[in-house]
Amino acid sequence: MKFLIKKQIVKFRICHYNPDLDDKPYFIDYDIPYTDRQVIMDALHYIFQNINSSLAYRWNCRSGQCGSCSININSVPGLACRINVDPSKKYVLEPLYNFPVIRDLVVDLGIGFKRLAKLRPYLERISTPDRPEKLTRESLSTAMDLHSCIQCFSCYAACPVVSSTKQEFSGPIAMRELARFEFDPRDEGDRVQMAVSSGLYDCTSCELCKEVCIPKHIDTRRKAIEGLRARAVERNMGPLEEHQSFIDKIKNTGYSIDVITKPFTDQVPSIIDVEDPIDEVTFFPGCLINLRLQHVGHNIIEVLRRNYIKLHIPKDFVCCTSVAFRTGSRNVTSDMILKNTKYFEKLEVKKLIALCPGCMSTIKQDWPVVLHEQGAQPYRFEPFDINEYLIREIGLKNLNTQELNPLNIKVTYHDPCHLNRSQEITKEPRILLKLIPGLKFTDIQQSDRCCGAGGGVRAGRRNLSEELSRIKVKLLTAPNPDIIATSCPFCFVQLTDAIKRADLPTKVMNVIDLLASSYRAESLK
Ligand code: SF4
Ligand code: SF4
Ligand code: FES
């Protein structure tokens with residue numbers, strides 16, 4: 001007996017454009033039979049061979065080595081030969097953003113290559129080296145990590161700063177190229193000066209360049225941009241004047257901002273006890289919640305109390321030094337980190353939670369490096385973002401959802417870069433929002449697009465920062481929400497300012513604020 005197996009079909013919508021003939025780009029829909037282990041390029045070949053032989057696309061090695069097949073796949077740049085087709089999805093394929101289109105999916109990369117050529121991409125030597133020249137694996141390790149780029153330009157196409165009209169930023173690929181020579185002990189060119197004049201301080205630390213670097217997973221933000229910023233500070237070429245005041249405050253007061261009201265830690269007891277606690281944690285408020293957005297700290301207390309979690313509030317913590325890492329001012333980081341970790345050791349902290357993703361990503365990723373460099377013991381507490389803690393550690397089934405009251409509001413969500421890409425926390429805040437009865441949640445496309453607050457850009461590059469937040473607010477308010485939820489105090493401030501400038505009625509609130517309002521049965525309309 002024969003069985004007829006119905007072939008699975010995948011839907012592709014592909015951008016076509018011939019600048020010599022067409023007024024503007026247009027899309028054609030194609031139904032492609034799905035085959036096992038199919039990649040996007042297989043679908044393009046199928047269309048070319050069976051449906052439309054005029055489709056223009058570029059490819060060469062088919063193995064993620066040549067970089068020529070990079071296109072936008074559902075608005076994200078990536079290699080067509082490396083990205084698997086998921087038969088449950090629909091695909092929109094477009095040419096790479098930030099480049100002129102030659103035809104259909106083929107772009108003119110000339111502008112990118114010209115920019116790279118201007119950086120003198122070869123070893124510059126002034127003195128004659130000793131022969132034989134002694135090189136160690138360690139001395140070349142950073143340069144080698146950055147060397148593996150295949151010049152697919154996905155990072156350049158993805159970078160929100162390159163897309164912005166407000167800045168002439170040479171882009172992540174240029175920063176990677178300059179850092180590759182800067183960290184090569186043989187090179188004697190002034191790469192730091194070149195980086196500063198090519199927009200070194202324009203990067204928002206959003207990490208999109210790392211996320212789209214599927215071929216080589218190059219960490220351009222940390223290894224290239226923050227590495228070059230640290231060298232710029234060593235050579236008195238950085239940070240920007242606006243950043244220096246934050247660094248001076250950290251050195252002088254232990255906080256990155258001025259104390260203008262009673263700190264949150266002085267408004268509350270050091271232990272918030274509950275009857276029969278299911279867990280016990282310590283809260284790291286960070287400078288912004290402790291000194292400006294104290295209501296968020298009070299709302300954390302409310303949410304944890306409602307969930308029978310005992311909370312410790314450390315009174316003598318100091319800045320996490322995120323701003324110092326991001327701007328290259330490494331000279332203040334170790335003192336503060338050692339002070340914090342010794343203090344938490346003394347308090348016998350077992351679990352440390354933070355609501356600021358800038359603080360928590362620094363605690364998770366930068367503190368261990370500094371402690372190792374300083375020969376200190378690694379910290380012994382477990383670090384958690386608050387969303388991560390509630391969903392992954394406490395667990396959905398243990399959360400108190402009975403006391404949540406309806407909030408009849410429409411909400412969209414902004415993914416903070418340091419929560420999403422730095423800590424891979426995206427589902428958890430959405431799960432928490434959807435627990436609130438009556439709340440209508442709409443996810444937007446590009447919910448993870450940077451709002452322009454990070455990397456010292458809000459302080460140091462105000463026009464660029466405002467342009468990025470204007471674009472993000474337009475996306476977030478498209479579904480006409482009452483409230484934009486986010487999970488970062490810094491993004492909260494940035495989006496609130498952008499909304500004020502646009503004179504919109506939408507409010508910005510933290511996910512924790514919304515949960516606390518729901519527990520308290522507050523009306524938010
Ligand atoms: S971190 Fe973001 S802003 Fe910075 S270079 Fe990468 S993509 Fe651009
Ligand atoms: S850094 Fe990665 S994404 Fe950027 S051009 Fe090189 S290989 Fe492509
Ligand atoms: S075809 Fe060479 S990287 Fe995809």
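**Notebook: loops, ligand shells, sheets and domains**

I started at Glu207, which lies in the loop between α7 (191-197) and α8. Helices here are DSSP runs of H or I with at least four residues, strands are runs of E with at least two, and both are numbered from the N terminus. This is a predicted model, where local features need pLDDT of at least 70, side-chain atom pairs count only at pLDDT 80 or more, and totals for chains, interfaces and linings use all residues. Residues are numbered from 1 along each chain as its sequence is written, while chains are lettered from A and ligands numbered from 1 in the order in which they are written.

**Backbone oddities**

I looked up phi for Glu207 and got a positive value of about 70°, although Glu207 is not a glycine. Most residues other than glycine have a negative phi, and most peptide bonds are trans. Next I went after cis bonds. The peptide bond from Arg131 to Pro132 is cis, with omega near -5°. I placed Pro132 in the loop between α2 (110-118) and α3 (137-147). The bond from Gly238 to Pro239 is cis too, with omega near -5°, and Pro239 lies in the loop between α9 and α10 (241-253).

**Ligand shells**

For ligand 1 I found 14 surrounding residues, the closest being Cys159, Pro172, Cys203, Cys206 and Cys209. A residue counts as near a molecule or strand if its C-beta atom, placed from the backbone, lies within 6 Å of it. At least two shell residues come from each of α5 (160-163), α8 (208-211) and α9 (220-234). I sorted the shell of ligand 1 into nine nonpolar, three polar and two charged residues. Nonpolar means Ala, Val, Leu, Ile, Met, Phe, Trp, Tyr, Cys and Pro; charged means Asp, Glu, Lys and Arg; the others, Gly among them, are polar.

Ligand 2 has 16 residues around it, with Cys149, Cys152, Ser154, Cys155 and Cys213 the closest. Here α4 (154-158) and α6 (172-182) each give at least two shell residues. The split for ligand 2 is ten nonpolar, four polar and two charged.

**Sheets**

I traced an open sheet of five strands in the order β8-β10-β9-β11-β12, with mixed pairing. Strands pair if DSSP finds at least two bridges between them. Its edges are β8 (271-272) and β12 (382-385), each pairing on one side only. Strand β11 (residues 351-354) runs parallel to β12, joined by four bridges, and Ile353 stands opposite Phe384 in β12.

Elsewhere, four bridges join β15 (residues 483-486) to β16 (residues 507-510), and these run parallel. From β15 the chain goes through helix α22 (residues 489-502) to β16 in a right-handed β-α-β crossover. Right-handed means that, with the strands pointing away from the viewer, the path from the first strand over the helix to the second runs clockwise.

**Domains**

I pulled the domain assignment: domain 1 (9-107), domain 2 (110-124 + 139-234), domain 3 (252-396) and domain 4 (401-520). Such bounds come from an automatic or database domain assignment. Taken over C-alpha atoms, the centres of domain 3 and domain 4 are separated by 22 Å. Their contact takes 28 residues from domain 3 and 27 residues from domain 4, with contact meaning C-beta atoms, placed from the backbone, within 7 Å. On the domain 3 side, α12 (286-291), α13, α14 (322-327), α16 (357-373) and α17 (386-395) each supply at least two residues. I split that side into 15 nonpolar, six polar and seven charged residues.

Note on methods:
Two residues are in contact if their C-beta atoms, placed from the backbone, lie within 7 Å.
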